[in-house]
Every structure is written in structure tokens, then in C-alpha cells.
Amino acid sequence: MRILTGRQLQRQQWPRWLGCVVMALVVAGCDPIALDKLKVGQSTEADVRDAMGTPEMVWNEAGGARTFEYNRQPAGHVNYMITIGADGKLQEIKQVLTEQEFAKIKPGMAYDQARRLLGKPAKEMWYPLKQEQHVDWRYLKDPTTSGMFTIVLDKQRIILRAYTGPDMNEEYRNGGQR
């Protein structure tokens, strides 16, 4: 049996580490490439599924339209809602993790309404002493700054308050630096 030194072990693990980095970059870069293939008014449901894959959720809309949710949480910063009209053609592509969409979330709303607007969250945490649940979505404040949008729910899953703040996971990865 051969015992490897630290440097030898690092050399052996380098290809695996490099492979992980390359895969992360490929996955992160897939959405813009896939979205470029889609044309509003022309692309079909099959085109959307070919480009984007299986949706996280399919929402039925009035008049026979359907909205496909393409979720990029917990590590990503975007959630796409892609609407297919009753005619089977692409109607709209919308990235919903934005300040404009967050402004639609109001105290007194049911969680299900927020979930429908923003897509699947990055994280949910129950605080038993406060009897509150915090639900977080990661987003980009600007092209280089990650943020967190949080809604706070009561036991009946009604929104008590909502706010934005820094993405503490991003702060941790950057060693507290920007």
C-alpha cells in the first residue's frame, strides 16, 4: 500500500476539482445560451423544454396558457417564469427575482401567492420561539453583488413582513470582503 504525501494527494485531486469548477461554469452559463434559442411568438413548448429542460413547476393560467417555472435556487440568483400561450407558442420569458417583483409582496398575503410570483425559494427556516418562518431567495442587486430577499411568515403561512439584505453566504465565501 502506497501512502501519499500532501502534495501528491493535491496533485491527484486536482483533476476532480478542475472538473467540478468546469461543470459549475457550464451550468451557470447554460441559461443565457438556452434563452437565446427561444423566440417569443415563435418557439413552441417543445422548444422551451429542449432548451431549458423539465420545469420545476407548471402553473395553469387563465385562457389555457401555462407558465413554466425554471428555478435556479438555492445556489443561483435567478428564477425564470416562461409562459406558453393556449396556442402553444412562447408568450413571455421573465426573470422574477428582481426588486420590482419583490415590491409586489405585501404583509397579509398568503405564502402561496409569493411562491407563485417568485418561484421556489433558496431556503426556509422555522424559528420556534418566535413562531415564525423565514423564507429566502438569492438574487443579484447588481451584476456583482448578491442579495437575499426574505419574507417572514406566521404559523398560518401569512406574510408578516418582507425585506432585502446582504447574502450572508456570499459574504462568508468572500471572507467578509467584497
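User: Hi! How many bridges join strand E3 (residues 79–84) to E4?
Analyst: Five, and the two strands run antiparallel. One of the pairs has threonine 83 with glutamate 92 in E4 as its bridge partner. Strands pair here if DSSP finds at least two bridges between them. Strands (E, at least two residues) and helices (H or I, at least four) are DSSP runs, numbered from the N terminus.

User: Before I go on, what kind of model is this?
Analyst: This is a predicted model, where local features need pLDDT of at least 70 and side-chain atom pairs count only at pLDDT 80 or more, while totals for chains, interfaces and linings use all residues. Residues are numbered from 1 along each chain as its sequence is written, and side-chain values use heavy atoms, leaving out hydrogens and water.

User: What's the mean pLDDT?
Analyst: The protein's mean pLDDT is 83, and 76% of its residues reach 70 or more. pLDDT is the predictor's confidence in each residue, from 0 to 100. Helix H1 (residues 6–36) has the lowest mean among the elements, 49, and H4 has the highest, 97.

User: Where does pLDDT stay under 50?
Analyst: Over residues 12–29, for which the model has one contact beyond four places in sequence. A contact means heavy atoms within 4.5 Å. Where pLDDT is low, the predicted coordinates should not be read in detail.

User: Back to the sheet. What order do its strands have?
Analyst: The order is E1-E2-E3-E4, in an open sheet of four strands with antiparallel pairing. Strand E1 (57–60) and strand E4 (90–95) are the edge strands, each pairing on one side only.

User: And how many residues sit between E1 and E2 in their hairpin?
Analyst: Five, and glycine 63 in that turn has a positive phi of about 75°. Four bridges join E1 to E2; tryptophan 59, for example, has threonine 67 in E2 as its bridge partner.

User: Anything odd in the loops? Which peptide bond is cis?
Analyst: The one from glutamine 73 to proline 74, with omega near 10°. Proline 74 lies in the loop between E2 and E3. Glutamine 131 also stands out, with a positive phi of about 60° although it is not a glycine.

User: New topic: which residues of H4 are buried?
Analyst: In helix H4 (residues 111–118) they are Tyr111, Ala114, Arg115 and Leu118. Seen down the helix axis, these buried residues fall within an arc of 100°, so they line one face of H4. The arc is that of the directions from the helix axis to the C-beta atoms. Buried means under 20% relative accessible area, exposed over 50%, and partly exposed in between (1.4 Å probe, protein chains only).

User: What follows H4?
Analyst: Glycine 119, whose phi is positive, near 85°.

User: Which residues of the largest nonpolar core touch the most other members?
Analyst: Of its 14 residues, those are Ile105, Leu118, Trp137, Phe149, Ile151 and Ile159. H4, strand E6 (132–142) and strand E7 (145–153) are the elements that give two or more residues to this core. Apart from it lies another core, of 12 residues, among them Leu38, Tyr80, Ile84 and Leu90. A nonpolar core is a set of buried Ala, Val, Leu, Ile, Met, Phe, Trp, Tyr and Cys residues joined through side-chain atoms within 4.5 Å.
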